[in-house]
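Student: Could you take me through one part of this model in close detail? I would like to look at the helix that carries the salt bridge and see what surrounds that pair.

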Amino acid sequence: MTEKEDQAAALIPPPANDNGTEQRAAQEAERHLDTIARAIGRHIAREHIRAWEQERRKRAANDNRPKEEGREPDG
């Protein structure tokens, strides 16, 4: 900018209806992003829990293993 444009910009007052709408919009957007991030985190956690539960169900209830090779567990 030239010196003349700098002086003109200094003399121009801010708009009368400038009541911080940009800041409020940024805060609102941040709140929405936080909400979305929490929802995604909960969804991922649910998927992990379901996968863990399915894997747990696949295991035998009695997983006693023979202590020596070729020997069956008692009972």
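Tutor: Here is a walk from the whole chain to that helix and its side chains. Please keep in mind that the model is predicted. The chain contains two helices and zero strands, and the part you asked about is helix α2, which covers residues 21–58. Of the 75 residues in the chain, buried ones make up 0%. The chain exposes about 7700 Å², with carbon and sulfur atoms supplying 51% of that area.

Now to the pair itself. The count comes to one salt bridge, and its partners are arginine 57 and glutamate 53. Their closest N and O atoms are 3.9 Å apart, which fits the rule because a salt bridge calls for the nitrogen to be within 4 Å of the carboxyl oxygen. Along helix α2, the two residues are four apart, so about one helical turn separates arginine 57 from glutamate 53. In general, side chains of opposite charge can pair when their charged atoms come close.

The two partners fall into separate accessibility classes: arginine 57 has 61% relative accessibility and counts as exposed, whereas glutamate 53, at 28%, is partly exposed.

Helix α2 also holds isoleucine 44, which brings us to a nonpolar feature. Together with Leu33, Ile36 and Ile40, Ile44 makes a nonpolar surface patch of about 380 Å². Isoleucine 44 has a relative accessibility of 40%, so this residue counts as partly exposed.

Terms used: Residues are numbered from 1 along each chain as its sequence is written. This is a predicted model: local features need pLDDT of at least 70, side-chain atom pairs count only at pLDDT 80 or more; totals for chains, interfaces and linings use all residues. Side-chain values use heavy atoms; hydrogens and water are left out. Buried means under 20% relative accessible area, exposed over 50%, partly exposed in between (1.4 Å probe, protein chains only). Accessible areas come from the Shrake-Rupley method with a 1.4 Å probe; for residues, only the protein chains shown count as cover. A salt bridge is a side-chain nitrogen of Lys or Arg within 4 Å of a carboxyl oxygen of Asp or Glu. Patches are made of residues with over 30% relative accessible area and no salt bridge: like charges are joined within 9 Å, nonpolar side chains (Val, Leu, Ile, Met, Phe, Trp, Tyr) within 5 Å.
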